[in-house]
Amino acid sequence: MHYFPSKEHLLVAVLEERDRWDTAAFLGGGSGSWRLSHLEQLVEYNATRPGVVQTFTALAGESVTGGHPAREYFVERYAQARVRLAELLRAEFGDRLAGGRTPEQVAPLLIAVLDGLQTQWLLDPEAVDMSAAFRDFVALLGRADDAAG
């Protein structure tokens with residue numbers, strides 16, 4: 001309690017530090033752009049650290065209530081993630097993905113898949129292979145012209 005006003009504030013600081021570590025590990029200190037292969041590696045890595053994934057998932061759920069100390073962190077994190085993931089999707093697939101969707105339309109769906117897989121895995125790790133399920137989702141993305149041909 002000396003450094004943080006509450007347990008939630010401490011856990012947000014842990015998540016912020018985790019974000020910095022992940023960026024450094026997968027992007028060499030933040031230089032460069034995220035690729036789908038980096039996200040696949042991150043999903044595999046998260047499967048080795050259930051405590052961190054559990055902290056993230058629990059705080060994300062709690063942060064939807066007004067006034068929660070983690071709310072600002074998650075609002076900002078998800079806003080940035082939507083922008084970065086749209087950029088990633090555009091770089092990998094162009095302006096239209098399978099089904100004619102734009103990267104901006106698919107980015108929140110990608111976040112939902114990532115977060116949803118984590119929740120399912122935390123609840124039943126023997127039944128849910130996060131890495132395989134994420135690779136299956138990525139295989140569905142493709143370019144709009146790939147789906148037509």
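This note goes through the packing around helix α6 and the geometry of helix α4 in a predicted model.

1. Helix α2, which covers residues 36-46, and helix α6, which covers residues 130-141, have axes that come within 9 Å and cross at roughly 160 degrees. Because angles over 145 degrees count as roughly antiparallel, α2 and α6 are therefore described as roughly antiparallel to each other, and their crossing is right-handed.

2. On the α2 side, this contact is made by Leu-36, Leu-39, Glu-40, Val-43, Glu-44 and Asn-46, while α6 contributes Met-130, Ser-131, Phe-134, Arg-135, Val-138 and Leu-141. The residues of the contact of α2 with α6 divide into 7 nonpolar, 2 polar and 3 charged.

3. Helix α5, residues 103-123, also packs against α6, with axes that come within 10 Å and cross at roughly 160 degrees. That angle makes α5 roughly antiparallel to α6, and the crossing of α5 and α6 is right-handed.

4. The residues of α5 that meet α6 are Val-106, Leu-109, Leu-110, Val-113, Leu-114, Leu-117, Gln-118 and Trp-121, and their partners in α6 are Met-130, Ala-133, Phe-134, Phe-137 and Leu-141. The contact of α5 with α6 divides into 12 nonpolar residues, 1 polar and no charged.

5. Leu-141 deserves a separate look, since this residue of helix α6 is listed in the contact with α2 and also in the contact with α5. With a relative accessible area of 6%, Leu-141 is buried, because the cut-off for that term is under 20%. Not counting residues up to four places away in sequence, Leu-141 touches Leu-36, Leu-89, Phe-93, Leu-97, Ala-98 and Val-106. For one of these partners, Val-106, the C-alpha atom is separated from that of Leu-141 by 8.7 Å, although the two residues are 35 residues apart along the chain.

6. Two of the residues touched by Leu-141, namely Leu-89 and Phe-93, are also among the buried residues of α4. The buried set in α4 consists of Tyr-73, Phe-74, Tyr-78, Ala-81, Leu-85, Ala-86, Leu-88, Leu-89 and Phe-93. When reading the spacing of such a list, it may help to recall that an α-helix has 3.6 residues a turn, so residues three or four places apart point the same way.

7. The length of helix α4, residues 71-93, can be checked against expectation: at 1.5 Å a residue, its 23 residues should span 33 Å, and the end C-alpha atoms are 32 Å apart, which agrees. Just after α4, Gly-94 takes a positive phi of about 90 degrees.

Definitions and conventions: Residues are numbered from 1 along each chain as its sequence is written. This is a predicted model: local features need pLDDT of at least 70, side-chain atom pairs count only at pLDDT 80 or more; totals for chains, interfaces and linings use all residues. Side-chain values use heavy atoms; hydrogens and water are left out. Axes are lines fitted to C-alpha atoms, for helices over the stretch in contact, and angles run from 0 to 180 degrees between N-to-C directions. Helices (H or I, at least four residues) and strands (E, at least two) are DSSP runs, numbered from the N terminus. Angles under 35 degrees count as roughly parallel, over 145 as roughly antiparallel, 65 to 115 as roughly perpendicular and the rest as oblique. A crossing is left-handed if the near helix is turned anticlockwise from the far one by less than a right angle, and right-handed if clockwise. Contact means heavy atoms within 4.5 Å. Ala, Val, Leu, Ile, Met, Phe, Trp, Tyr, Cys and Pro count as nonpolar, Asp, Glu, Lys and Arg as charged, and the others, Gly among them, as polar. The expected span of a helix is 1.5 Å times one less than its number of residues. Buried means under 20% relative accessible area, exposed over 50%, partly exposed in between (1.4 Å probe, protein chains only).
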